[in-house]
Amino acid sequence: MPDSKGVLVHAEIADGKLCAIATEMLGCGRKLASALGQELAAVLIGSGVSNNAQEAIAFGADKVYVIDDPTLADYRTDAYVSVMEKLAKQVTPQVILLGQTSTGRDLAPRLAFRLNTAATLDCIALDIDPSSKRLLQTKPVYGGNAQAVFTCDTDPQIATVRSKAMSALPQDASRKGEVITIAAGLDASAIRTTVLNKVKEQVAGIKLEDASVVVSGGRGIGGAEGFKQLAELAQALKGAIGASRPACDSGWVSDACQVGLTGKLVAPDIYIAVGISGSSQHLAGCTGAKTIIAFNKDPDANIFKVAHYGVVGDWKVTLPAFTKKVKELVSG
Amino acid sequence: MNIIVCAKQVIDPEAPPASFKVEANKVMPPAGVPPVISPFDESAVEAALKLKDAKGGKVTVLSLGTNLLRDVVKKPLSMGADELVLLEDPAFAEGDSYSIAYALSLAIKKIGAFDLILCGRQAADWDSGQVGLGVAEILGLPSITLARKIEVTDSKAKVERINPDGYDVIEISLPALITVSNEIGAPRYPTMKGIMAAKRKEPVVWKPADIGADPARLGRRAKLVKLFQPVREGKVEIITGETPEEAGAKLALKLREIKVL
Ligand SMILES: Cc1cc2nc3c(=O)[nH]c(=O)nc-3n(C[C@H](O)[C@H](O)[C@H](O)COP(=O)(O)OP(=O)(O)OC[C@H]3O[C@@H](n4cnc5c(N)ncnc54)[C@H](O)[C@@H]3O)c2cc1C
């Protein structure tokens, strides 16, 4: 596609608003579009999403494509790949960005295969190569032990973007842009999945992704009982509970608490890791924190390579003393 | 029920982070740490064996790579899988998600009838999460990613797909491709009987020509420009005290002093 042009962002919507990742991608997409001297477009897909077009413009889009159809209410692979394929063939963008979300990580690879091009998932940096004008796509690999930079010679160049890796532009309600409605034109019989039910696993208290303090426990906590002590500290700091994968796999806390490469990515002001060794896969989810504090009995634990402050010792002894002092300080 | 599982040999992702080395855009295998089946692929094997326990049938494992250590790639057999097919050839060494999905789909067509293809949600080396979906796209199959539970009834599967807030229950028509996450449950340990059976079983080995692969399509679409290790500046301040309790309390005071608390 030699005449491909423009950057297209798939902007997801939740609870009637653009998701944070959508605004972050529009911020990044704006930079890429300027570097290419091209336009930035957003696409909104779903049911009842047309109201969000102005919001996408306010966050940087020049053009917004709206594909609003009741059959698109739930994310279903066949339906979403089909409408994205149709749009990509119609507007021939040079770059397509999607969020590294449940939707984006499912949609992007199939779309890339459908369009005979390549995708790079979970990018943390995207730049235009000044000489070739191709997209340089940086993604963590080997669980975060390394980073790889990829390019691809075919258009569209597709990338999914990790949350909190890019910054959004300030919302500017006075920005003007064009809104274009596109018919979904779906054949219902070609959608081979049905969403029967959506189950929310409630975790009490503050939402992990939004918390300004996260208290996480790992295998070293040893059982569900120990997490009660972490909860006590989290409560004193108005924070949320996180965990490493073994703590979730063992059923000590809900799977929804998992922090890391294949769990949640958090960037709180304070991240407190207790009985966590600091595997690259876990760190992938928490190194965005401003201050990292580690409690570990092993002075050589990898967590101390990224922590700012630490205490070496059995957490069963060091943590209660810490919690007690914290309570005094925050109440006093 | 016929299930095909795609399982890949990788450098052990649980090897100590300090042993991880990149040289000249390549990852150096850590000395003395043997490779393993990528953990999510082991989850896919476990998912297949759970279905086999419930429904009977046959589980065929397909592994693509170079220098495949028989002890490693035979692990799914010792867990209870029935057949092992290896795509082993230097021509596969430089592949990316596109060429690998292409080669796997050709091999799957050659294996023949199947109801379900299972893959891990992402491989522990490149963390791409694309090959399974690519196979589905090439074979024209419906797909679901990130499964934590799979139940098969007649010509359909009911799948619980994880998301950040819980999970969706999705029905899919078979044949289909499903990628599996660790929430499916810990992979079972090989049994003594399984280990003996795996020892006796010789894998089927196919070369690109055996699956009719077009050499031109075994190259990369995603070009690797650079591979590097991010520098992490280690500057931890360890708080100490006369007793461990004192150290804990002093840490809280320190955080107050620097206005973190
Ligand atoms: C592809 C892939 C994806 C993964 N994704 C994730 C992910 O998203 N999130 C994640 O967390 N993991 C993930 N993992 C798993 C990861 O590799 C590690 O196995 C895991 O993070 C280790 O968890 P841990 O630190 O709790 O356990 P361990 O590594 O076992 O560490 C336990 C720590 O507790 C300390 N300890 C024990 N007892 C005490 C005590 N009494 N007092 C103080 N300290 C104590 C020990 O010194 C040790 O450092 C993934 C793995 C793979 C292969």
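This tour moves through a predicted model of chains A and B, from sheets to salt bridges to a helix and the domains of chain B.

**The parallel sheet of chain A**

Begin by selecting the open sheet of 7 strands in chain A, where the pairing is parallel and the strand order reads 7-11-6-1-4-5-12. Its edges are strand 7 (119-123) and strand 12 (178-181), each of which pairs on one side only. On average, neighbouring strands of this sheet are turned by 20° against each other, direction ignored.

Next, select residues 40-46 and 63-68 of chain A. These are strand 4 and strand 5, which run parallel and are joined by 6 bridges. For a single pair to display, take A:Leu44, whose bridge partner in strand 5 is A:Val66.

**Salt bridges around this sheet**

Stay in chain A and show the side chains of A:Asp122 and A:Arg162. They form a salt bridge, with the closest N and O atoms 2.8 Å apart. A:Asp122 lies in strand 7 and A:Arg162 in the loop between strand 11 and strand 12, so the pair ties together parts that are 40 residues apart in sequence. Both A:Asp122 and A:Arg162 are buried.

Then turn to A:Asp62 and A:Arg175, whose side chains meet in a salt bridge (3.3 Å, N to O). A:Asp62 sits in the loop between helix 2 (53-58) and strand 5, and A:Arg175 in the loop between strand 11 (157-161) and strand 12; the two residues are 113 residues apart. A:Arg175 counts as partly exposed because its relative accessibility is 23%.

**A salt bridge between the chains**

Select A:Arg114 and B:Glu137. Their side chains meet in a salt bridge (2.4 Å, N to O). A:Arg114 belongs to helix 4 (residues 104-114) of chain A and B:Glu137 to helix 5 (residues 131-139) of chain B, so the pair joins two chains. A:Arg114, at 26% relative accessibility, counts as partly exposed, whereas B:Glu137, at 14%, counts as buried. Extend the selection to A:Glu85, A:Lys89 and A:Arg110: together with A:Arg114 and B:Glu137 they are linked in a network of salt bridges. Over all chains, the structure holds 34 salt bridges.

**The sheet shared by both chains**

Now select the open sheet of 4 strands with the order 8(A)-9(A)-10(A)-14(B), in which the pairing is antiparallel. Strand 8 (125-128) of chain A and strand 14 (222-228) of chain B are the edge strands. Neighbouring strands here are turned by 25° against each other on average, direction ignored. The link between chains is made by 6 bridges from strand 10 (residues 146-152) of chain A to strand 14 of chain B. One partner pair to display is A:Thr151 with B:Lys223. Add helix 1 (residues 20-36) of chain A, which packs on the sheet and touches strand 8 and strand 9 (135-141) of chain A; the helix direction makes about 15° with that of strand 8.

**Helix 7 and the domains of chain B**

Select residues 244-257 of chain B. This is helix 7, whose 14 residues should span 20 Å at 1.5 Å a residue, and the end C-alpha atoms are 20 Å apart, which agrees. Which residues of helix 7 are buried? They are B:Ala247, B:Gly248, B:Ala249, B:Leu251, B:Ala252, B:Lys254 and B:Leu255. These buried residues pack against strand 17 (291-296), strand 18 (309-312) and helix 8 (315-331) of chain A, together with strand 15 (237-238) of chain B. After the helix comes B:Lys259, with a positive phi near 65°.

Finally, colour chain B by its domain assignment: domain 1 (2-217) and domain 2 (231-261). The C-alpha centres of these two domains lie 45 Å apart.

Key
Residues are numbered from 1 along each chain as its sequence is written. Chains are lettered from A and ligands numbered from 1 in the order in which they are written. This is a predicted model: local features need pLDDT of at least 70, side-chain atom pairs count only at pLDDT 80 or more; totals for chains, interfaces and linings use all residues. Side-chain values use heavy atoms; hydrogens and water are left out. Two strands pair if DSSP finds at least two bridges between them. Axes are lines fitted to C-alpha atoms, for helices over the stretch in contact, and angles run from 0 to 180 degrees between N-to-C directions. Domain bounds come from an automatic or database domain assignment. A salt bridge is a side-chain nitrogen of Lys or Arg within 4 Å of a carboxyl oxygen of Asp or Glu. Buried means under 20% relative accessible area, exposed over 50%, partly exposed in between (1.4 Å probe, protein chains only). The expected span of a helix is 1.5 Å times one less than its number of residues. Contact means heavy atoms within 4.5 Å.
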